Amino acid sequence: MNGDLLWHNTLWFSAKEDARRRGRGGYDFAPLLSGMKPVVASADLAICHEEVPLAAAGGPYRNYPLFSAPPQVVKAVKATGYDVCTTASNHAVDQGFAGVRRTLDDLDQAKIAHAGTARSNAESQRSTIFTTRQGIKIGIVAATFSLNGLPMPKGKPWAVHRLSTKELLGQARRAREAGADIVLAAVHIGTEYSTKENAQQVALAKALTASPDIDLVYMHHPHVVQPWTIVNKKLGALRRREHGGSAGSQSHLRRCNWAVHLHPRAEWPIHGQQSGIHSDPGHLLPAWPTSPALSRICEIEDR
Ligand SMILES: [Zn+2]
């Protein structure tokens with residue numbers, strides 16, 4: 001899993017130039033993410049966080065503060081190897097309900113599963129469960145702590161999963177009931193540019209990991225790496241928090257970004273029984289965007 005795909009205009013400019021160099025028009029975002037592809041594509045399950053809504057084909061495209069990104073990003077997300085994207089973020093309703101709907105429609109079309117926002121009440125209640133090649137069912141639940149002060153789309157209180165422990169545990173319970181062997185919680189939360197988790201994050205991690213319905217918690221939004229740790233350790237099951245950002249244009253700040261890779265080593269019990277699913281504590285693969293003309297998420301040494 002990795003942090004925010006935060007499509008600033010500087011990244012569109014890069015994608016436009018990359019497309020031009022290949023003798024095409026439009027935008028090609030795949031080169032930007034190509035440094036991460038070996039890690040992402042080889043994962044049994046790769047999850048991105050699509051932080052911002054997508055524009056209609058042809059735009060208009062918008063930068064901060066009310067993002068509307070070129071929809072060509074989805075092709076790159078798919079080509080990089082992501083299986084699922086979480087979409088609950090503080091920018092989720094930057095373009096109102098139309099933006100929520102367009103983003104999910106585009107992800108559907110690319111056959112990328114999603115969690116965190118919804119086009120209908122029924123969809124908001126549906127569990128996102130990804131089945132790995134080995135047949136392991138992994139549920140993904142997601143929520144955001146903020147909508148940047150924007151209102152939820154009128155008459156659609158279900159459009160974005162807002163953060164509450166109860167809400168996330170409800171999603172996790174439904175995922176279990178729908179057959180998930182493992183449930184991951186992806187939460188958009190934290191203090192931007194702080195390398196330390198805040199009190200809200202700590203309290204949430206404790207509350208979520210206390211539930212048998214959640215196996216791992218990870219967080220994004222701060223755009224930097226924050227600590228990860230084991231909380232409510234039980235039966236060797238993983239209980240972690242990780243945070244960070246992935247694609248973003250704050251390259252001048254040289255902020256570190258990350259991807260987390262879990263490795264098939266230690267046993268990961270499920271529901272108290274030996275499951276045959278293995279994982280070691282995982283590790284971080286830091287990466288950062290280059291600057292300025294052609295952005296790339298660099299492949300950094302494997303730690
Ligand atoms: Zn955010």
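**Exercise 1: a hairpin**

Work out how many residues lie between strand 5 and strand 6 in their hairpin, and in which sense the two strands pair.

*Solution.* Keep in mind that this is a predicted model.
- Step 1: Look at the link. Strand 5 and strand 6 make a hairpin, with 5 residues between them.
- Step 2: Look inside the turn. There you'll find Gly-135, with a positive phi of about 85°.
- Step 3: Check the pairing. It is antiparallel, over 4 bridges.
- Step 4: Pick out a pair of residues. Thr-128 sits opposite Ile-140 in strand 6.

**Exercise 2: the whole sheet**

Find the order of the strands in the open sheet of 4 strands, and say which ones are at the edges.

*Solution.*
- Step 1: Walk across the sheet. The order is 5-6-7-8, and the pairing is mixed.
- Step 2: Find the edges. Strand 5 (128–131) and strand 8 (216–220) each pair on one side only, which makes them the edge strands.
- Step 3: Add the twist, which averages 25° from one strand to the next.
- Step 4: Move to strand 6 (residues 137–144) and strand 7 (residues 182–188). They run parallel and are joined by 7 bridges. Thr-144, for instance, has His-188 in strand 7 as its bridge partner.
- Step 5: Bring in the helices. Helix 7 (residues 165–177) packs on the sheet and touches strand 5, strand 6 and strand 7, with its direction at about 160° to that of strand 6. Helix 8 (residues 199–209) packs on the sheet too, touching strand 7 and strand 8, and its direction makes about 155° with that of strand 8.

**Exercise 3: one face of a helix**

Explain why the buried residues of helix 4 line one face of the helix.

*Solution.*
- Step 1: List the buried residues of helix 4 (residues 73–80): Val-73, Val-74, Ala-76, Val-77 and Thr-80.
- Step 2: Look down the axis of helix 4. Its buried residues fall within an arc of 160°, so they line one face.
- Step 3: See what they pack against: helix 2 (30–33), helix 3 (37–42), strand 2 (47–50), strand 3 (84–86) and helix 5 (96–109).
- Step 4: Go just past the helix. Gly-81 follows, with a positive phi near 110°.

**Exercise 4: a loop residue**

Decide whether Val-52 is buried or exposed.

*Solution.*
- Step 1: Locate Val-52: it's in the loop between strand 2 and helix 4.
- Step 2: Count. Val-52 has 27 other C-beta atoms within 10 Å. The cut-off for buried is 20 or more, so Val-52 is buried.
- Step 3: Name some contacts beyond four places in sequence. Among them are Leu-6, Trp-7, Phe-67 and His-91.
- Step 4: Compare sequence with space. Val-52 and Ala-88 are 36 residues apart in sequence, and their C-alpha atoms are 9.1 Å apart.

How values were computed. Residues are numbered from 1 along each chain as its sequence is written. This is a predicted model: local features need pLDDT of at least 70, side-chain atom pairs count only at pLDDT 80 or more; totals for chains, interfaces and linings use all residues. Two strands pair if DSSP finds at least two bridges between them. Axes are lines fitted to C-alpha atoms, for helices over the stretch in contact, and angles run from 0 to 180 degrees between N-to-C directions. Two residues are in contact if their C-beta atoms, placed from the backbone, lie within 7 Å. A residue is buried if 20 or more other C-beta atoms lie within 10 Å of its own, exposed if 12 or fewer, and partly exposed in between; C-beta atoms are placed from the backbone. The arc is that of the directions from the helix axis to the C-beta atoms.
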